[in-house]
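Trainee: Could you take me through one part of this model up close, and then show me how the rest fits around that part?

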Amino acid sequence: MALHLQGRCVCKHIQYSLDLESPDQARTTLCHCKSCHHAFRANHGLTAKVPQYNGVTREFCDNCGDYICEYGEEAADKFRYVVWGTLDDPDEIPPKGEFFCRYRDEWMPEIPDEYLDTNYVFHKQEIKE
Ligand SMILES: [Zn+2]
Ligand SMILES: [Zn+2]
């Protein structure tokens, strides 16, 4: 099922759309690392990894300063990590896993394993394991 999603920054200066062949093309994850604490000003980061062809290249809105996406240098031509909350209907691509669970706040529960019908939600203590 093809999916067309739209997103924007707080002030709407940046508006973008994502075209996915199916929801499987997006990998939404929570990240509990310290870097995400600061970047998201919250106790976790929440991004959706999507193919780069979606053309999201700007990281911040130069008007309101809102944070739209991030990407690693090596994979800059392959993926973008779109900030989940910038999408108008983020629930179309629900979380599939969590990274850096060892830094999870005690008051924050895990996403239940059976949250998704099709595949189990993963929980990684670090980023690679
Ligand atoms: Zn803006
Ligand atoms: Zn992180």
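Mentor: Start at the hairpin of strand 1 and strand 2: there are 6 residues between the strands, and among them Lys12 takes a positive phi near 70°. Keep in mind that this is a predicted model. Strand 1 covers residues 3-8 and runs antiparallel to strand 2, with 6 bridges between the two. If you want a spot to anchor your eye, look for Gln6, which sits opposite Ser17 of strand 2.

Now follow strand 2 (15-20) inward, since it gives two or more residues to the largest nonpolar core, as do strand 4 (45-51) and strand 6 (79-83). That core has 16 residues, and those with the most contacts inside it are Ala48, Val50, Ile68, Cys69, Val82, Val83 and Trp84. Strand 6 provides the largest share, 3 residues.

Strands 4 and 6 also take you into an open sheet of 6 strands, ordered 5-6-4-3-7-8 with mixed pairing. Strand 5 (69-70) and strand 8 (122-123) are at its edges; each has a single partner strand, so one side of each has no neighbour in the sheet. At the strand 8 end, the pairing with strand 7 (residues 95-99) is parallel and spans 2 bridges, and there Gly97 has Phe122 as its bridge partner.

As for the record, an unreviewed UniProt entry lists "domain: CENP-V/GFA" at residues 5-51 and 54-102. Over residues 5-51, the chain is 47% strand and 15% helix, with its end C-alpha atoms 13 Å apart.

How values were computed
Residues numbered from 1 in each chain as written. Chains lettered and ligands numbered in written order. Predicted model: local features only at pLDDT ≥ 70, side-chain atom pairs only at ≥ 80, totals over all residues. Pairing = 2+ DSSP bridges. Helix = DSSP H or I, 4+ residues; strand = E, 2+ residues; numbered from the N terminus. UniProt positions renumbered as here; feature names shortened; annotations may be inferred. Core = buried A, V, L, I, M, F, W, Y, C linked by C-beta atoms within 7 Å. Buried ≥ 20, exposed ≤ 12 C-beta atoms within 10 Å, placed from the backbone.
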